[in-house]
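Trainee: I should like to go through this structure with you, beginning with the surface that faces the nucleic acid.

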Amino acid sequence: MSVRVRFAPSPTGALHIGGVRTALYNYLFARQQGGTFILRIEDTDQTRYVPGAEQYIIDTLKWVGLLPDEGVGFGGDKGPYRQSDRKEIYQRYAHELVQRGHAYYAFDSAETLEKRREAEENFTYNHLTRQALDNSLSLSSEETDKRLKAGEPFVIRLKVMPGRPIHINDLIRGEVVFQSSELDDKVLLKADGMPTYHLANIVDDHLMEITHVIRGEEWLPSTAHHVLLYEGFGWTDTMPRFSHLPLILKPVGNGKLSKRDGAKFGMPVFPLEWNGATPEESFSGFRDTGFLPEAVINFLALLGWHPGGEQEIFSIDELVQAFSVDHISKGGARFDYEKAKWFNQKYIQAADNAVLASYIGPLAAAKGYNPSEDYLQQVAALMKERVTFLPDFVETGYYLFEPVREYDRETFQKKWTPAVADFFAELIKMVATFDHFNAAALEEAVKHFMQEKGFKPGDVLPLLRIALAGTMKGPAVFDMAVALGREETVRRLEALTRL
RNA sequence: GGCCCGUUCGUCUAGGGGUUAGGACGCAGGAUUUUCAUUCCUGUAACACGGGUUCGAUUCCCGUACGGGCUACCA
């Protein structure tokens, strides 16, 4: 039987970076096993639906390159893949479960139960309390039918039989045991006719022939209910294998990484930018911060999983090759932004100049620059070993696109003597008429000229650097000169003499 | 509170009954580069605690502590 896995997010806002990791692990597993990776949209909570969130999920998967084989927006013959489009299916199965004696109708309103919980701290709807509540187990069948026919609102609840252990064999955690007596009678079908996660997820996984469920640790406690559902439907022989992933924790302090942490620690926790209704609900993402998607993938892959060995940089193909569920850690992983930055730096360094140019182009255009493709590639080559984020190319390296805005006056004054000034006048003439404008030849010529006039490199080179870039930081002087071209180099040298 | 999961350097992790407990990020120092960065080298630093089991436990078992998750007609 071929492997089929699903990534099943809820469109309730921007997709959290932890969700991207879940998608990644599902993807890696599917690819490695020659299986199928499915995107299912779990939008059964109408009250939490956020327009644009579904598209955000799809855009994210496209950006990081985790393309589903089936799913909303990707086709497939096991659809529909959006749960709100499957409402009738769940209703049918929910009623079937009642027929089979594993579920029942309950008429208690949400408000009544809420009041009950306020009064009794540990109130639970379960085998101990259900006889005293308003449902088809406590009511006569005539009364139940009457209420149903009258159109009284109802939910369908799972009938949990007490007194037995439920064993789960988690691929990451090993055997986990729950006692059925401690489980509540979970709502399966809500009063609005929509299923809860529990029902929808079991019905869909069964119908979509899912073989492995790889999801967050927060689902582990309800997995016992899910097993009961598979049993109730008689689907135990095709029940998927479960793997519950560790959580991603805050960089410092306690608790799991939250969307607020982005602003708090000055780092992205979402893949893409998200424009919410208010500034507080709007977030920047890894993409607009200037991360390469490959770097994000590499970083995320190693946040909670490691194949052993000492390799750190993995291409997506290498990840697919090396991935295995049993090498996923059990403990939560702290979000390490410094490491994420390091990965990005590494990926930028290793990237093709042409690839980099395709990223720098739009960034440059946004600043009003209009460089040629060839020039962008030169900028990429010059700066790729000195940047962390993509925008650094046009920000730290702005002087490659426009005249120097600010000079390092301190160094300038230290080096600028009347003798040097005289030398500069001659140097400018020399450069202006220099024919073979390539870095090696220019360096050779300038150094030779310096020597002839009795100057040391340290007397002149810093000034050349300041003339071209304004700062003591940056690419090699003669490389910059060549990139800028003879005219511009001369112009900048002259500008320095007027300082 | 109840149920469940977890715990190796500051962080991500490898490892697993006998190891100098390995790598990476970060940090510190050095070399190269007349800049910065890159690169390279060196250093820093960990098996939560207490009991078992064992000739021997960081590794296996049980507790404790700490952390986390769940406990909705949310996912």
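Trainee: Which element gives the most to the surface near RNA strand B?

Mentor: This is a predicted model, in which local features need pLDDT of at least 70 and side-chain atom pairs count only at pLDDT 80 or more, while totals for chains, interfaces and linings use all residues. Residues are numbered from 1 along each chain as written, chains are lettered from A and ligands numbered from 1 in written order, and side-chain values use heavy atoms, without hydrogens or water. A residue is near the strand if one of its heavy atoms lies within 4 Å of it, and helices (H or I, at least four residues) are DSSP runs numbered from the N terminus. With six residues, the element that gives the most to this surface is H12.

Trainee: Which side chain has an N or O atom 2.8 Å from a phosphate oxygen of RNA strand B?

Mentor: Of the strand's atoms within 4 Å of the protein, 70% belong to sugar or phosphate. A sugar or linking oxygen is 3.3 Å from a side-chain N or O atom of Glu42. For the phosphate oxygen at 2.8 Å, the side chain is that of Thr44.

Trainee: Which residue places a backbone N or O atom 2.7 Å from a base oxygen of RNA strand B?

Mentor: Bases supply the rest of the strand's atoms within 4 Å of the protein, beside the 70% from sugar or phosphate. The residue with its backbone atom 2.7 Å from a base oxygen is Ala191.

Conventions
A polar contact is a pair of N or O atoms within 3.5 Å; within protein, one must be able to donate a hydrogen and the other to accept it, and residues adjacent in sequence count only if both atoms are side-chain atoms. Helices (H or I, at least four residues) and strands (E, at least two) are DSSP runs, numbered from the N terminus.
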